[in-house]
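Here's a quick briefing to keep beside the viewer while you look around. The overall build comes first, followed by the core and then some individual residues.

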Amino acid sequence: MSVLVGLIVMLGMLVIVPAGLLLAGAPELDRIRRLWPVFAVPGAVSLWLPRGLPATALALCYALGAALLALHALPRLARRPSPLRSPRTAPAEIALLTALVTPSIAATALVAERSGHALFGFGPGILALTVPHFHFAGFAAALVSGLVCRLVDSTAGRFAALSVPLGTLLVLIGYFVGDRTELAGAVVLTAGMWTVALLTWRTVRPAGRDRATRLLLATSAAVLAVTMALALSWALGEATGLPHPTLTWMAATHGVGNALGFALCSVLAWKRLRDRNDHEGRTA
């Protein structure tokens with residue numbers, strides 16, 4: 001499972017985060033996006049070294065990049081007039097702020113895991129799974145929900161953009177409080193991601209002007225429907241003692257599905273939509 005998790009994390013570090021920053025439509029993120037490989041490549045290398053000082057040092061390089069990215073949330077919060085004051089733009093902005101912060105949570109877990117030390121009572125095994133979780137259920141899910149909210153100006157779009165950050169936060173709190181809080185977070189996050197899947201299928205997918213874009217969007221929506229059902233079943237089992245998938249099985253199904261079927265297909269599709277809109281804008 002460690003090899004599989006390592007490959008998933010590499011995809012998040014090297015592809016999903018920089019591609020997502022490009023899609024965010026925030027010029028102030030251009031510099032950190034261009035510098036991102038300086039931090040992400042050492043972080044990716046650290047995954048394949050034995051736990052110890054060299055792996056920890058490389059993981060710290062990634063943590064530095066993630067911290068610099070999180071710092072971009074502060075000027076957005078301090079902006080006047082604040083976009084958070086508008087009920088129409090606030091959900092998408094909150095989703096973007098969540099996307100900016102969650103890689104730093106993943107990076108913190110990575111540093112502790114690569115050093116071989118527990119963090120807040122969690123051992124290296126749980127920490128290793130926290131890293132991909134906050135790249136995909138954190139960064140990718142929040143980013144895509146925000147993009148959907150921008151395009152689909154509706155109650156459902158705003159619900160999705162708000163419920164994904166809220167669900168992610170509840171899951172994080174559940175790590176410390178208990179399984180029932182984590183289950184509540186899984187319910188909220190699943191509701192949000194199912195809404196993202198529905199809006200992607202019904203509204204965003206038809207907006208794709210070419211077959212490849214529509215196929216990517218359809219795949220991301222269909223995969224979300226399945227992977228989030230798996231996440232909900234696992235959280236329910238943990239909270240109630242009912243039979244549920246093992247962590248290894250979840251990594252091979254939920255983890256791979258979210259990484260490839262949802263996150264990768266989504267960023268590729270949204271990039272194609274962005275490129276076409278840019279081309280049409282230049283042509284006009």
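The protein chain has 10 helices and 0 strands. Reading from the N terminus, the order is simply α-α-α-α-α-α-α-α-α-α. With a radius of gyration of 18 Å, close to the 19 Å that the globule rule gives for 284 residues, the chain is as compact as a globular protein of that length. Keep in mind that this is a predicted model.

**Overall build**

- Along the principal axes, the C-alpha atoms of the protein chain fit a box of roughly 55 × 45 × 40 Å.
- Buried residues account for 50% of the 284 in the chain.
- Take the contacts in the chain with a separation of 6 or more: 73% of them join residues 24 or more positions apart.

**Surface and charge**

- About 12,800 Å² of the protein chain is exposed, and 69% of that comes from carbon and sulfur atoms.
- The chain carries 23 positive and 12 negative charges, and the mean positions of the two sets sit 5 Å apart.

**The nonpolar core**

- The largest nonpolar core takes in 74 residues, and Met193 and Trp270 have the most contacts inside it.
- Helix α6 (residues 124-151) gives this core its largest share, 13 residues.
- Which residues does Met193 touch, leaving out those up to four places away in sequence? They are Ala141, Val164, Leu224, Met228 and Phe262.
- As background, nonpolar side chains tend to be buried together in soluble globular proteins.

**Two buried threonines**

- Thr200 belongs to helix α8 (residues 179-207).
- Is Thr200 buried or exposed? Its relative accessibility is 3%, and the cut-off for buried is under 20%, so Thr200 counts as buried.
- Beyond residues up to four places away, Thr200 touches Val148, Arg205, Pro206, Leu217, Ser220 and Ala221.
- Thr102 is the other one, and you'll find Thr102 in helix α5.
- Thr102 is buried too, with a relative accessibility of 3%.
- Setting aside neighbours within four places in sequence, Thr102 is in contact with Phe134, Gly138, Phe139 and Thr168.

**Arg205**

- Arg205 sits in helix α8, and its relative accessible area of 23% makes it partly exposed.
- Not counting residues up to four places away, Arg205 touches Thr200, Arg214, Leu217 and Ala218.
- Arg205 and Ala221 are 16 residues apart along the chain, with 9.2 Å between their C-alpha atoms.

**Loop residues**

- Where is Phe120? Look in the loop between α5 (90-115) and α6.
- The phi angle of Phe120 is near 55°, which is a positive value in a residue other than glycine.
- Phe120 has a relative accessibility of 64%, and the cut-off for exposed is over 50%, so Phe120 counts as exposed.
- Asp153 is in the loop between α6 and α7 (155-177).
- At 43% relative accessibility, Asp153 is partly exposed.

**Distances across the chain**

- How many Å separate the C-alpha atoms of Asp153 and Pro50? The gap is 48 Å in space, for a pair 103 residues apart in sequence.
- Thr200 and Pro50 are 150 residues apart in sequence, and their C-alpha atoms are 41 Å apart in space.
- Pro37 and Tyr62 are 25 residues apart along the chain, and their C-alpha atoms are separated by 9.3 Å.
- Pro37 itself lies in helix α2 (residues 30-46) and is partly exposed, with a relative accessible area of 43%.

How values were computed: Residues are numbered from 1 along each chain as its sequence is written. This is a predicted model: local features need pLDDT of at least 70, side-chain atom pairs count only at pLDDT 80 or more; totals for chains, interfaces and linings use all residues. Side-chain values use heavy atoms; hydrogens and water are left out. Helices (H or I, at least four residues) and strands (E, at least two) are DSSP runs, numbered from the N terminus. The radius of gyration is taken over C-alpha atoms; the globule rule is 2.2 Å times the number of residues to the power 0.38. Buried means under 20% relative accessible area, exposed over 50%, partly exposed in between (1.4 Å probe, protein chains only). Contact means heavy atoms within 4.5 Å. Accessible areas come from the Shrake-Rupley method with a 1.4 Å probe; for residues, only the protein chains shown count as cover. Lys and Arg count as positive and Asp and Glu as negative; His and the chain ends are not counted. The place of a charge is taken as NZ of Lys, CZ of Arg, CG of Asp or CD of Glu. A nonpolar core is a set of buried Ala, Val, Leu, Ile, Met, Phe, Trp, Tyr and Cys residues joined through side-chain atoms within 4.5 Å.
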